[in-house]
Each structure stands twice: as structure tokens, then as C-alpha cells.
2 protein chains.
Amino acid sequence: MPKVNLEQKLSAFNEHWSPKVVASFNGHDVMVVKVKGEFVWHAHPDTDDFFLVLKGRLTIQLRDGDVHLGPGELYVVPKGVEHRPMAEEEAHLLLIEPFGTPNTGDDATAATKVAV
Amino acid sequence: MPKVNLEQKLSAFNEHWSPKVVASFNGHDVMVVKVKGEFVWHAHPDTDDFFLVLKGRLTIQLRDGDVHLGPGELYVVPKGVEHRPMAEEEAHLLLIEPFGTPNTGDDATAATKVAV
């Protein structure tokens, strides 16, 4: 595989909440995503959910409190735990999920993950 | 789990080639490490090897060529592929490996991974 420059990958698209696959790792998609506004409350019953903030600020709402992340901060939402990501201003994230994981926790509403 | 500030975690130690666990994700250790100089040639027969450069520059030598990474660049060494990381100046990395993976590919020579 070629090396992956995250900033370069992020410059290739503008839409929000639409993760782009940049690498594969042990059956997981490594993805970048731009987010702004509120996502939906959801949980992933079979996988933890990895968030690393590359740029901007992200709030991960949990039923028992909020987690506030800035650049260089990461959080892993344990599998089965309901959460809602939100960002007042555009934020750029690195995400890692098993192949085929729907970003909303539900295949019917999930964004299609494409490579970039 | 609390959120993880990578810079803060990296400020808590100084040794090189000694990964520190900062989070767990789907059976994997998420780790930070400071590196300088040449590591050993090795391979991991059962796992891909994830490198993200947070600071500085890293070269991953492969038998068929070198990969040069700077901040915000990542590379996944596929399982079974021989490689040798090296850094002329100190570099800071995010690593992800399954629980218990020896960093040298060999339990006999591996660094002990502790949380930080």
C-alpha cells in the first residue's frame, strides 16, 4: 500500500458525516471524515467505536455525560454504548471500524463508505 | 473510559521504543511511543502493524523499499511483512496492535507494554 497523508485525503472531499476509507487494518476500515452539526443517537452492538480528532473540536454525547475532544485527543466508545457525535464547527476525524460497520448503527440509514 | 490526550500521554515518559498503552479498541492496544534510531528487522505473522506519525519523521524500511512518513501520515505494514522502523531524530507515533503482540515480533525480545 502507499502511505496515507490524512490532510491530503481530507482535502479530496467536502461532505459531512460521510467517512472515506484510507487504509485497512486487521479487518477494520481506517477512515477520515468531516463532521459538522449533530449526528444521530446510535450504538454499535458488535464493535467499539474509535474517534481521533485531527482538527477542530468534537463532542461525543453519552447518556451519562459529554466527552469534549480537541486535536490530538481520542476516545473509544465501548460497543453497545449509545452516543451522538456533534461539532459546532467543522471538525476532521480519524475513525476505525470493522469492515461493513454502518456509521449510524443501522444498515438502512448508514452512509456508504468509499475509498478516497 | 476518560478521553485520551496524546500529547499529555507522551509527556509522561522519555524512553524510546517502549510503547505505552493509552486505550483499548476491539481487542487491540492503542499505544503511543517515542522512537529514535533504528529498531530491529521483524515481522508480525498474525497481525497488521499500524503506524501514525504524530510528531517528527519516521522511515519504515521494507525489503522492497522505504516508506517515509511525517506528521499526519500513516502506514499499515501487512501481517507477515518484514520491516524496520527508524528515525534520525526523535519521533512520536500512535500504534495499534492486538493485545499481547510483541513489538519485536518475538516475545523473548519484546518491550513490556504498560499503560501510561
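Which residue in E8(B) is the bridge partner of Phe50(B)? Keep that one in mind as we walk through this predicted model; the tour starts in chain A and returns to Phe50(B) at the end.

**Stop 1: strand E8 of chain A**

Select residues 83–98 of chain A, which make up strand E8(A). Now add residues 28–38, strand E3 of chain A: this strand runs antiparallel to E8(A), and ten bridges join the two. To find your place in the ladder, pick Val30(A) and look across to Ile96(A), its bridge partner in E8(A).

Next, bring in strand E4 of chain A, residues 49–55. Here five bridges link it to E8(A), again in the antiparallel sense. A handy pair to label is Phe51(A) with Leu95(A), its bridge partner in E8(A).

Then add strand E5 of chain A, residues 58–62, which is antiparallel to E8(A) and joined to it by four bridges. Click on Leu62(A), and you should find His83(A) of E8(A) standing opposite.

**Stop 2: where chain A touches chain B**

Show both chains now. In chain A, 21 residues are in contact with 21 residues of chain B. To colour the chain A side by element, select E1 (4–5), H1 (6–10), E2 (20–25), E6 (65–69) and E7 (73–77), each of which supplies at least two residues to it. E7(A) gives the largest share, four residues. If you colour by residue class instead, this side of chain A divides into twelve nonpolar, five polar and four charged residues.

Stay with E7(A) and select residues 4–5 of chain B, strand E1(B). These two strands pair across the chains, antiparallel, over two bridges. Zoom in on Glu73(A), and look for Asn5(B) in E1(B) standing opposite.

**Stop 3: strand E4 of chain B**

Move over to chain B and select residues 49–55, strand E4(B). Is this strand mostly covered or mostly open? It is mostly covered, with five of its seven residues buried.

Add residues 73–77 of chain B to see one neighbour: E7(B) runs antiparallel to E4(B), with four bridges between them. Asp49(B) is a good residue to label here, as its bridge partner in E7(B) is Val77(B).

For another neighbour, select residues 83–98 of chain B, strand E8(B). E4(B) and E8(B) are antiparallel too, and five bridges join them. That brings us back to the opening question: pick Phe50(B), and its bridge partner in E8(B) turns out to be Ile96(B).

Conventions
Residues are numbered from 1 along each chain as its sequence is written. Chains are lettered from A and ligands numbered from 1 in the order in which they are written. This is a predicted model: local features need pLDDT of at least 70, side-chain atom pairs count only at pLDDT 80 or more; totals for chains, interfaces and linings use all residues. Two strands pair if DSSP finds at least two bridges between them. Two residues are in contact if their C-beta atoms, placed from the backbone, lie within 7 Å. Ala, Val, Leu, Ile, Met, Phe, Trp, Tyr, Cys and Pro count as nonpolar, Asp, Glu, Lys and Arg as charged, and the others, Gly among them, as polar. A residue is buried if 20 or more other C-beta atoms lie within 10 Å of its own, exposed if 12 or fewer, and partly exposed in between; C-beta atoms are placed from the backbone.
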